Amino acid sequence: MKLATLRNGSRDGQLVVVNRELTQAVAVPDIALTMQTALDNWQVIAPQLTEVYNQLNRGNYTDSFAFDQSQCESPLPRAFQWADGSAYVNHVELVRKARGAEIPESFWTDPLMYQGGSDDFIGPHEDIILPSDEWGIDFEAEVAVITDDVPMGISAEHAGSHIKLLMLVNDVSLRGLIPGELAKGFGFFQSKPASAFSPVAVTPDELSDHWQDNKVHLPLLSEYNENPFGKPQAGEDMTFDFAQLIAHAAKSRNLGAGAIIGSGTVSNKQGTEYGSAISEGGVGYSCIAEVRMIETIRDGQASTPFMRFGDKIKIHMQDLQGQCIFGTIEQSVKQL
């Protein structure tokens, strides 16, 4: 099924069920007012929402209304937990190679992960508002999962059963602030402003055979300033699947229902050492930083600028018939 959260003046918005084509929706206040309420009681509420979804797809709801993605909050407008991994080691390898540093062997067996701010997600069609565009503003196109309650110490073998919903993410990064923060040895904070998630969150079964081995096997599409930028396969070169990322996050703590775990920037080697742009016949990239790293490795310095005020980013994913699955993240960068 497909679920979304519409703005209604409250902090957590109104949960709605959306049809498969993303054209109609129906509110379900008698079942759950918010997405978090549904996740808190998933085993009881999910079957009821599924029945609504099935009836909506059959056209059996007279009180359904046109679904407007621009009125969506992120599916969880705020969350108890947002932890972003770096499952595509190719991305990490590029960043380190551009600095002249080798990647440690442990990066292939032990995922990187940081805890992001989760009290202030922005909507999928809301502007990215920041005080300065001198901070190296970058988008990062990713996939994320939402879990139910996950017990501490769970194995990767069993962690996949706790994945209840999937979304897309724009994990905004301020590349100019990252080096100073990492030099302190305490990780990201100011360099990771509010993230945005796709208008719609979907259950794994919506992806059919494209959800296998706890990975999404479809291209993740990015358009930067209305030009194709990236279409890497989300299921390829993913060193750590979502079950492994959840197990990593739950190694020493419980994860509460509604925890969001991100994949990190989707990145493909494309059969080459560094990958290549769409204009060069490759699948492109999911962030500007990768392009800059390749330029640094190849030319000795980066030439592609980071985002400036007025720049636009669109992130989405389609099935093999061209149907948009999660709706679109469409954002512009604006000055505070």
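User: What makes the contact between Glu206 and Arg20 a salt bridge?

Analyst: In this predicted model, the side chains of Glu206 and Arg20 meet at 3.5 Å, N to O. The cut-off is 4 Å between a side-chain nitrogen of Lys or Arg and a carboxyl oxygen of Asp or Glu, so the contact qualifies.

User: Why can the pair of Glu206 and Arg20 be said to tie together parts of the chain?

Analyst: Glu206 belongs to the loop between strand S13 (200–202) and strand S14 (211–212), and Arg20 to the loop between S2 and strand S3 (24–27); the pair therefore ties together parts that are 186 residues apart in sequence.

User: Why is Glu206 called buried or exposed?

Analyst: The relative accessible area of Glu206 is 17%. Buried means under 20%, so Glu206 is buried. Arg20, at 38% relative accessibility, falls between the limits of 20% and 50% and therefore counts as partly exposed.

User: How do you know that Arg308 and Glu134 meet in a salt bridge?

Analyst: Their side chains come to 2.9 Å, N to O, which is within 4 Å, so the definition is met.

User: Where do Arg308 and Glu134 lie in the chain?

Analyst: Arg308 is in the loop between helix H7 (288–299) and strand S19 (312–316), and Glu134 is in the loop between strand S7 (128–130) and strand S8 (137–138), 174 residues apart.

User: What makes Glu134 buried or exposed?

Analyst: Glu134 has a relative accessible area of 58%. Exposed means over 50%, so Glu134 is exposed.

How values were computed: Residues are numbered from 1 along each chain as its sequence is written. This is a predicted model: local features need pLDDT of at least 70, side-chain atom pairs count only at pLDDT 80 or more; totals for chains, interfaces and linings use all residues. Side-chain values use heavy atoms; hydrogens and water are left out. Helices (H or I, at least four residues) and strands (E, at least two) are DSSP runs, numbered from the N terminus. Buried means under 20% relative accessible area, exposed over 50%, partly exposed in between (1.4 Å probe, protein chains only).
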